[in-house]
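Please open the model in your viewer and keep the selection panel handy. We will go from stop to stop, picking something to select each time.

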Amino acid sequence: MLRWNPVVSRAVVDLLGDDLTITDPQVRPLQPRIPELLHHVGLYIALGVTHEILYVGMTERMHTAFATSDRLREHLTEQNKRDRWESVVELPLREDLERRQVARLEARVGVLLGRPGGHRLRKSHV
């Protein structure tokens, strides 16, 4: 299983290009509490205890100040995710992107990381 590391981080940054609003994504722990992530539009990557990539997701919520944090809280109502998700990498995107554009970027990052469709592995990884 692919793990988040500087090489993977650089590949994701390069793939997202000018749509990404940062250049150095950081790993943030989800325990003991979810960090207050301030971006309205973006992608997030859930990582396990050894930074294995477990999930690629997106958020596009202009009506809330902590859109990514809110979405992570929704995910973590599921016991299996609470048990496995240890940290997150937030990838804030330009706020002028439309939902379909964000979804397309999510799909491209998912394919790059071997996680197309969020949590589903490609058949070669099963």
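Which residues in the largest nonpolar core touch the most other members? Keep in mind that this is a predicted model, then select L16, L43, I45 and L93: these four hold that place in a core of 21 residues. Now colour the elements that each supply two or more residues to this core: helix 1 (6-16), strand 2 (41-47), strand 3 (53-60), strand 4 (87-92) and helix 4 (99-112).

Next, pick L30, L76, W85 and V88, which are among the 10 residues of a second, separate core.

Go back to I45 and show its surroundings. Beyond the neighbours within four places in sequence, I45 is in contact with W4, I53, Y55, V56, S87, V88, V89, L91, V109 and L113.

Now switch to a cartoon view for the sheet. Here 4 strands make an open, antiparallel sheet, and their order is 1-4-2-3. Select strand 1 (27-29) and strand 3: each stands at an edge with a single partner strand, so one side of each has no neighbour in the sheet. Look along the sheet as well, where neighbouring strands are turned against each other by 30 degrees on average, direction ignored.

Zoom in on strand 2 and strand 4, an antiparallel pair joined over 6 bridges. To find one of its partnerships, select A46 and then V88 in strand 4, its bridge partner.

For the last stop, select helix 2 (residues 67-75). Helix 2 packs on the sheet and touches strand 2, strand 3 and strand 4. The direction of helix 2 makes about 130 degrees with that of strand 3.

Note on methods
Residues are numbered from 1 along each chain as its sequence is written. This is a predicted model: local features need pLDDT of at least 70, side-chain atom pairs count only at pLDDT 80 or more; totals for chains, interfaces and linings use all residues. Side-chain values use heavy atoms; hydrogens and water are left out. A nonpolar core is a set of buried Ala, Val, Leu, Ile, Met, Phe, Trp, Tyr and Cys residues joined through side-chain atoms within 4.5 Å. Buried means under 20% relative accessible area, exposed over 50%, partly exposed in between (1.4 Å probe, protein chains only). Contact means heavy atoms within 4.5 Å. Two strands pair if DSSP finds at least two bridges between them. Axes are lines fitted to C-alpha atoms, for helices over the stretch in contact, and angles run from 0 to 180 degrees between N-to-C directions.
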